[in-house]
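Good morning, and thank you for making time for this item. I would like to take you through a few features of the structure now coming up on the screen.

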Amino acid sequence: MAREWRVERDGDEEERHNERWLVTYADLMTVLLIFFIVMYALSSKISAKNFERLAKSLNTSLTKKEKQEKQVDPLDVDVTPEVELAEESKVIKKALAPFEGKSQVKIDLNSKGLVISLADTSFFDLGSTEIKAEGKAALLKIAQAIATESNAIRIEGHTDSVRGAGGKATSNWVIAATRASNVALFLSESGNVPAKRFEIVSYGEFKPLFPNDTPEHRAMNRRVDIVIQEGAPKPALTPKPEPTADTFAPAFGDPNEGRPANPFNRNPNEGGSGIPNPFGNSF
């Protein structure tokens, strides 16, 4: 009896194993039922035209996403102006490596752009505005590195607080402006940098790097900065204003306003000529 019961029980266990497919089948039928319910709901609530639009929109979105995924190139990275200036800084440093006075050239990337600071000890004699021969060689290297770019360039002249500094010019404004102008002229004429990229600024003694209290500090304040800016030069000419309807309006209103009406300007078809008849009748 116990053996029969065990056999019957084992048979039930085997039968339960064989019916596991019913679970998967029931899940599949449930999913299909939900799918048909959703389709029925969409067909009853959405018109055929809107359904077509929905299909096109989904198709366009999926296709666009696939195209974007295909077009993504890990090596194709947007180059920002900061990255461009950083790369240009490396090129200039490499070009100035053979220059003996390279320690007198400081290159810094800050909020103004790429600043190439030329100390006057290697580029100008004290109080002079003429560029030294060794300074011209360094400027040619700089020009070769920046000639093919399109960035705007501002040449800033700075002096120390000593008036004239022993040169011919008695004004630091004039010394700073002349030095900056000579640097721009040399870069343009000898270095083939387009002149339209330059602008000249003279700060004189009023933007020092250090207090003018020692000869070393004053020497560091005397400099010419070549500032390579992020963008191209702005156009010098402003566009002409477009004429508007107000442009053609009379400036002083109606000139006949307030004047008595001229009887000879009246329309003769408005009932009578309007001209008083001295004989008592109208024409």
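**Salt bridges and two helices**

Let me begin with R154 and E199, whose side chains meet in a salt bridge with an N to O distance of 3.7 Å. Please keep in mind that this is a predicted model. The two partners are 45 residues apart, R154 belonging to strand β3 and E199 to strand β4, so the pair links distant parts of the chain. How exposed or buried is each partner? R154 is buried, at a relative accessible area of 14%, whereas E199 is partly exposed, at 38%.

A second pair is D160 with R222, where the closest N and O atoms are 2.7 Å apart. D160 sits in the loop between β3 and α7, and R222 in the loop between α8 and β5; the salt bridge therefore ties together parts separated by 62 residues in sequence. Both D160 and R222 are buried.

The third pair, D225 and R223, has an N to O distance of 3.4 Å. D225 is buried, with a relative accessible area of 5%, and R223 also counts as buried, at 6%. In addition, salt bridges with shared partners join K112, R154, E156 and E199 into one network. Over the whole structure, the search finds nine salt bridges.

I turn now to the helices, starting with α6. This helix covers residues 133-146, and its 14 residues reach 20 Å from the first C-alpha to the last, close to the 20 Å expected. Which of its residues are buried? They are G135, A138, L139, I142, A143, A145 and I146. Viewed down the helix axis, the buried residues of α6 fall within an arc of 155°, so they line one face. The face turned away from that buried side carries the exposed residues A133 and Q144. The packing partners of the buried residues of α6 include α4, β2, β3 and α7.

Helix α7 has 18 residues, which should span 26 Å at 1.5 Å a residue; its end C-alpha atoms are 25 Å apart, in agreement with that value. At the start of α7, a side-chain oxygen of S171 comes to within 3.2 Å of the backbone nitrogen of W173. Among the buried residues of α7 are N172, I175, R179, F186 and L187. The elements that cover the buried residues of this helix include α5, α6, β3, β4 and β5.

Technical notes
Residues numbered from 1 in each chain as written. Predicted model: local features only at pLDDT ≥ 70, side-chain atom pairs only at ≥ 80, totals over all residues. Heavy atoms only, no water. Helix = DSSP H or I, 4+ residues; strand = E, 2+ residues; numbered from the N terminus. Expected span 1.5 Å × (residues − 1). Buried < 20%, exposed > 50% of the residue type's maximum accessible area, 1.4 Å probe, protein only. Arc of directions from axis to C-beta. Contact = heavy atoms within 4.5 Å. Polar contact = N/O pair within 3.5 Å; in protein donor to acceptor, adjacent residues only side chain to side chain. Salt bridge = Lys/Arg side-chain N within 4 Å of Asp/Glu carboxyl O.
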